[in-house]
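Trainee: I should be grateful for a close look at one part of this model, namely the open sheet and the pairing of its strands. Please then place that part in the setting of the whole chain.

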Amino acid sequence: ARTTEIGFADLTGLTIATVYGETYNTKEQLVAADLGIDVTNYIRQSEDFTAADWVDNANITVTANTTTNPINGATTADTFAKTNTGTNYVVSQLMNTATLVIGDVYTFSIYVKKIDSTVGRVYVFPGQSVNDIDWDVDGEAISDGWRRHSVTFTATSAEPYIYIYPESPINEGSIYVFGAMLNKGDVAGSY
């Protein structure tokens with residue numbers, strides 16, 4: 001990692017900076033660069049889960065623009081509703097346009113607000129084990145019930161799948177989702 005000689009005393013109002021020949025358009029990008037976080041989002045259609053890049057299975061309904069998002073308050077967050085207790089209840093995306101580097105560390109993150117779901121799952125396959133997520137407790141609290149959930153993994157495939165399960169296999173349930181992001185590094189980048 002390179003060493004920078006930047007004072008971070010006050011970055012308020014910073015819009016563009018050039019450091020060692022690299023241009024940064026936001027304060028978040030500059031800070032992320034200093035931490036070694038790649039702020040490139042490898043997810044396609046990161047705010048529209050009804051787009052063709054995302055696949056929803058038989059037992060889930062995805063509805064676009066159903067509530068306000070946690071970043072700017074626009075009505076652009078979507079709803080994932082698990083409609084019965086069948087096994088196909090996932091929204092997924094194959095990362096086949098942005099080849100990941102096998103052996104490098106990446107972080108996938110997404111903003112989730114619970115509607116009536118209790119426990120869901122967010123994971124990357126292959127590369128990360130499946131863990132249940134308590135939508136009320138796990139992740140970083142943002143505001144108004146929104147939480148940012150993230151999983152960090154070492155890429156074992158150049159084209160992994162991203163999976164989002166709104167509820168456990170035995171229950172029905174719904175969540176709001178917004179801002180899927182996949183970035184290089186062990187910390188979720190600024191969305």
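Mentor: Asp56 stands opposite Val91 in S6, and Val55 stands opposite Ser92 in that strand. These positions belong to a predicted model. The pairing concerned is that of S3 with strand S6 (residues 91-94), which is antiparallel and runs over 2 bridges.

From S6 the sheet can be followed to its next member. Strand S12 (residues 161-165) pairs with S6 in the antiparallel sense over 4 bridges. Ser92 appears here again, for this residue stands opposite Tyr163 in S12. Ser92 thus has Val55 opposite it in one pairing and Tyr163 opposite it in the other.

The complete sheet is open and has 5 strands, in the order S3-S6-S12-S8-S9, with antiparallel pairing. Its edges are formed by strand S3 (55-56) and strand S9 (132-134); each has a single partner strand, so one side of each lacks a neighbour in the sheet. As to the side chains, in a regular strand they alternate between the two faces of the sheet.

The sheet belongs to a chain with 1 helix and 13 strands. Read from the N terminus, the elements run β-β-α-β-β-β-β-β-β-β-β-β-β-β, which places the helix after two strands. Of the contacts between residues at least 6 apart in sequence, 70% join residues at least 24 apart. Buried residues account for 41% of the 191 residues. The chain exposes about 9,300 Å², and carbon and sulfur atoms supply 48% of that area.

Two residues in other strands deserve attention. The first topic is Arg147, which lies in strand S11 (residues 146-154). Arg147 has a relative accessible area of 16%, and it counts as buried because this value falls under 20%. Polar atoms of its side chain lie 2.7 Å from the backbone oxygen of Asp138 and 3.1 Å from the backbone oxygen of Gly139. Leaving aside residues up to four places away in sequence, Arg147 touches a set of residues that includes Ile110, Tyr111, Val112, Trp135 and Ile142. Asp138 and Gly139 are also among the residues that Arg147 touches.

The second topic is Thr61, in strand S4 (residues 60-67). Thr61 is partly exposed, with a relative accessible area of 36%. Its contacts, not counting residues up to four places away in sequence, are Thr79, Phe80, Ala81 and Thr83. The C-alpha atoms of Thr61 and Tyr89 are separated by 8.8 Å, although these residues are 28 residues apart along the chain.

Confidence in the prediction should be considered alongside these details. The mean pLDDT of the chain is 78, and 73% of its residues reach 70 or more. Confidence is highest in S4, at a mean of 93, and lowest in strand S1 (residues 17-19), at 53. Over residues 1-16 the pLDDT is below 50, although this stretch has 24 contacts in the model beyond near neighbours in sequence. Where pLDDT is low, the predicted coordinates should not be read in detail.

Terms used
Residues numbered from 1 in each chain as written. Predicted model: local features only at pLDDT ≥ 70, side-chain atom pairs only at ≥ 80, totals over all residues. Heavy atoms only, no water. Buried < 20%, exposed > 50% of the residue type's maximum accessible area, 1.4 Å probe, protein only. Contact = heavy atoms within 4.5 Å. Areas by Shrake-Rupley, 256 points an atom, 1.4 Å probe, with all protein chains shown as cover. Polar contact = N/O pair within 3.5 Å; in protein donor to acceptor, adjacent residues only side chain to side chain. Pairing = 2+ DSSP bridges. pLDDT = per-residue confidence, 0-100.
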